[in-house]
Amino acid sequence: MDSTKEALNRKITPVIKDPVEFDLKLKPYEKHILDNGAAVYVIDAGAEDVLQLEWVFYAGNWFEKKNLVGASTNFLLKNGTSAKNAFQLNEHFEYYGSYLNRNCYNETATISLHCLTKHLPLLLPVVKEMLVDSVFPEEEIKTYKQNMKQRLNVNLKKCDFVANRLIDAYLYGEEHPYGRYSKFEDFDALTRQDLQDFYKQYYQNGRFVVFVGGKVPANLFELLNKNFGDLNYQPVPIANIAAQSSTEKKFRVINDAQGIQGAIRMGIHFPNRHHPDFMKAQVLNNLFGGFFGSRLMSNLREDKGYTYGIYSFLENHIQQSAWVVSTEAGRDVCEATIAEVYKEMESLRTGLVDDDELLLVRNYMMGSILGDLDGPFHIINRWKNIILNDLDENYFYKQIDTIRNVSAKELQELANKYLIPENFYELVVV
């Protein structure tokens, strides 16, 4: 008989190890510099022959002189070059079983490619074609405007969509990149020349960073340098734009007179990741409303039954940030919901969190980080977040240390510093 099996006692429960005890490590990246000076960050890992590549351009709405130009330019990159129309571009990527997407954010805009490693030499030249030779056909622009206005028309009937637009506008100002939102007249005002000018300045002659994760071929750098090392890479300064917050802090908006549900948003300005309070505030936020076991969820979903879900979060912005509470509740209990949120703030200001509750939050946060380290795609995405926020590897390990060691007293002090009801913007859209 196997001595190992003989020694195993199934009556004894195996030891369960809390995630907070895990020794988490962030796999280092490989860094390359293309001939034009653009940086490439690579995580070479994984058992499958697949890759995720992301080109991050400093071409977000922060740089536009006219609303929607940044997002529209980014979207229409895939809608025609001199040699290929929109159908042919899409057909090329689909033929090789790949997926190409693009997204526009505040400071940055991205093109992401998921593909089999072996097809990379056939796909990269077409990505380059989009970056140097997009032509923005008038017919495609017309279709895009029509589709986006139809989508906006549908979304404006949803109270949560309207609330998301307005809370940022109140916090930062409608003219600030973080507070700006789409309007029908903005789509009508877009011209092909607007898109071409933005494209020339921020894509053909802009600044970009490449992030790669997956099973990397030996000639990856050679392929990237061949296709993207000759692009006109130029620095893109990010001007400091001050927020123009609303002087009023309490808003009640009627979006649907017959609506039975309201969208609630509450927010305050908060420092970005470089501030010494940020990491500790992430722990406090999870305790307050950052996950399913939070105080807000226990109170307003489990106890009061006002909502299916309520969350708080620190906005993922590079320049400035905000601390926001978000939920949807019955129209008749919206004001009661806000009152309960303030009660939970008061509880965090006046009392110390006990050890068991704090351990639960610590384990949740460590478990979330552990999930983010599962596979090369997740790892390179975590590195991307660190690098684009001008941080380094130490940030990751300081975050781990903060989660493990921040004290109940420190969290109470933070609550007394930031969770002050009169400082919060309140918005209810029904």
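**A small cavity, an open pocket and the helices around α5**

Leu-284, Leu-287, Leu-348, Gly-351, Leu-352, Val-353, Ala-408, Leu-411 and Gln-412 form the lining of the largest cavity. Two elements, α10 (278-290) and α16 (408-418), each give two or more residues to that lining, and α16 contributes the most, with three residues. By class, the lining splits into seven nonpolar residues, two polar ones and no charged ones. The space inside comes to about 40 Å³. Searching the whole structure for cavities of 30 Å³ or more turns up one. The model is a predicted one, and everything below should be read with that in mind.

Next come the pockets. The second largest pocket holds about 230 Å³ of space. Its lining is made of 15 residues, and those nearest the centre are Tyr-58, Arg-207, Ile-387, Leu-388 and Asp-390. Here the elements that supply two or more lining residues are β2 (39-44) and α14 (376-388). Sorted by class, the lining of this pocket has nine nonpolar, four polar and two charged residues.

Asp-390, one of the residues nearest the centre of that pocket, deserves a second look. Asp-390 sits in the loop between α14 and α15 (393-405) and has a positive phi of about 60°, even though it is not a glycine. Most residues other than glycine have a negative phi. With a relative accessible area of 63%, Asp-390 is over the 50% cut-off and so counts as exposed.

Leu-68 is another non-glycine residue with a positive phi, in this case about 80°. Leu-68 also belongs to a loop, the one between β3 and α2. Its relative accessibility is 11%, which is under the 20% cut-off, so Leu-68 counts as buried.

On to the helices, starting with α5 (residues 138-155). At 1.5 Å a residue, the 18 residues of α5 should span 26 Å, and the C-alpha atoms at its ends are indeed 26 Å apart, so the two values agree. Ile-141, Tyr-144, Lys-145, Met-148, Leu-152 and Asn-155 are the buried residues of this helix. Looking down the axis of α5, these buried residues fall within an arc of 100°, so they line one face of the helix. The general geometry helps here: an α-helix has 3.6 residues a turn, so residues three or four places apart point the same way. On the face of α5 turned away from the buried side sit the exposed residues Glu-139 and Lys-142. As for what lies over the buried residues of α5, the cover includes α2 (69-75), α6 (159-172), α7 (184-189) and α8 (192-204).

Helix α8 has its own set of buried residues, namely Asp-194, Leu-195, Phe-198, Tyr-199, Tyr-202 and Tyr-203. These pack against β3, α2, β5, α4, α5 and α7.

That brings in α4 (residues 120-133). Its 14 residues should span 20 Å at 1.5 Å a residue, and its end C-alpha atoms are 20 Å apart, so this helix also agrees with its expected span. The buried residues of α4 are Leu-120, Leu-123, Leu-124, Val-126, Val-127, Lys-128, Glu-129, Met-130 and Leu-131. Their cover includes β3 (50-57), α3, β4, β5 (109-116), α8 and α9 (220-228).

Two of the elements covering α4, α3 and β4, are joined by a loop that holds Gly-97. Gly-97 has a relative accessibility of 61%, which is over 50%, so it counts as exposed. Along the sequence, Gly-97 and His-114 are 17 residues apart, while their C-alpha atoms are 8.8 Å apart in space.

Val-212 lies in strand β6 (residues 208-214). Val-212 is buried, with a relative accessible area of 0%. Leaving out residues up to four places away in sequence, Val-212 touches Val-40, Tyr-41, Val-42, Ile-43, Leu-51, Gln-52, Leu-53, Leu-220, Leu-224 and Ile-380. Thr-350, by contrast, is 138 residues from Val-212 along the chain, and the C-alpha atoms of the two are separated by 47 Å.

Methods: Residues are numbered from 1 along each chain as its sequence is written. This is a predicted model: local features need pLDDT of at least 70, side-chain atom pairs count only at pLDDT 80 or more; totals for chains, interfaces and linings use all residues. Side-chain values use heavy atoms; hydrogens and water are left out. Helices (H or I, at least four residues) and strands (E, at least two) are DSSP runs, numbered from the N terminus. The expected span of a helix is 1.5 Å times one less than its number of residues. Buried means under 20% relative accessible area, exposed over 50%, partly exposed in between (1.4 Å probe, protein chains only). The arc is that of the directions from the helix axis to the C-beta atoms. Contact means heavy atoms within 4.5 Å. On a 1 Å grid over the protein atoms alone, a cavity is a set of points where a 1.4 Å probe fits but cannot get out, and a pocket is an open set with protein on both sides within 12 Å along at least five of seven lines; lining residues have an atom within 4 Å of a point. Grid points are joined across faces, edges and corners, and a volume is the space filled by probe spheres set on the points. Ala, Val, Leu, Ile, Met, Phe, Trp, Tyr, Cys and Pro count as nonpolar, Asp, Glu, Lys and Arg as charged, and the others, Gly among them, as polar.
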